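Reader: I keep meeting words like "buried" and "edge-to-face" in structure descriptions. Could you show me how they are earned on a real example?

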Amino acid sequence: MPRAPKHDIVIYRNGTFELDLTYQDSDGCAIDLSSGYTCQIEGRETLDGSSKFEFESTNNTSNVILSGATPNIKIKMSASDTGAITAGKGVYDVKLIHSGSTVFLIEGDYEAVEPVSRTAI
């Protein structure tokens, strides 16, 4: 199995974070993921380290939304979600699960940073 494409991300602590992806078939058409699919994003300080953040589409939250529209994967973290992530660097991946098969969509490094601005406007 080939490695997932690498895509590094920056997460501003106490800010919103959004990542949109489109999973396509071999003809380049977006696949309807609204039923029967689970998507998960997980980040760790190291490959063997404990999880620093984890969200999936089956936990009845709005953090990972799957649909038939393009983009068909929307990953969202609220300010309270990102505020719970310790500042620093780590690794993450996004995977899609369907009928017992797992496809790793993207992977990369993440950096959770403290913003310069600290007060609300």
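Author: Here we go through some labels and the values behind them. One thing first: this is a predicted model, where local features need pLDDT of at least 70, side-chain atom pairs count only at pLDDT 80 or more, and totals for chains, interfaces and linings use all residues. Residues are numbered from 1 along each chain as its sequence is written, and side-chain values use heavy atoms, with hydrogens and water left out.

Reader: Why is the pair of F53 and Y110 called edge-to-face?

Author: Rings of Phe, Tyr and Trp (its six-membered ring) pair if their centres lie within 6.5 Å; planes under 30 degrees apart are stacked, over 60 edge-to-face, and the rest tilted. The centres of the F53 and Y110 rings are 5.1 Å apart and their planes stand at 75°, so edge-to-face it is. A search of the whole structure finds one aromatic pair.

Reader: What makes this pair a tie between parts of the chain?

Author: F53 sits in strand β4 (residues 51-56) and Y110 in strand β8, so the pair ties together parts that are 57 residues apart in sequence. Strands here are DSSP runs of E, at least two residues, numbered from the N terminus.

Reader: How do you know whether F53 is buried or exposed?

Author: Buried means under 20% relative accessible area, exposed over 50%, and partly exposed in between (1.4 Å probe, protein chains only). F53 has 4%, so F53 is buried. With 3%, Y110 is buried too.

Reader: What makes a group of residues a nonpolar core?

Author: They are buried Ala, Val, Leu, Ile, Met, Phe, Trp, Tyr and Cys residues joined through side-chain atoms within 4.5 Å. The largest such core has 25 residues, and I41, F53 and V94 have the most contacts inside it. Strand β8 gives the most to this core, with four residues.

Reader: How do you know that β2 and β6 pair?

Author: Two strands pair if DSSP finds at least two bridges between them. Strand β2 (residues 17-21) is joined to β6 by five bridges, so they pair, and they run antiparallel. One of the partnerships is E18 with K76 in β6.

Reader: And what about β5 and β6?

Author: Strand β5 (residues 64-66) and β6 have three bridges, in the antiparallel sense. There I65 stands opposite K74, and a hairpin of six residues joins β5 to β6. As for the faces of β6 (residues 73-77), I73, I75 and M77 form the covered one, while K74 and K76 form the uncovered one.
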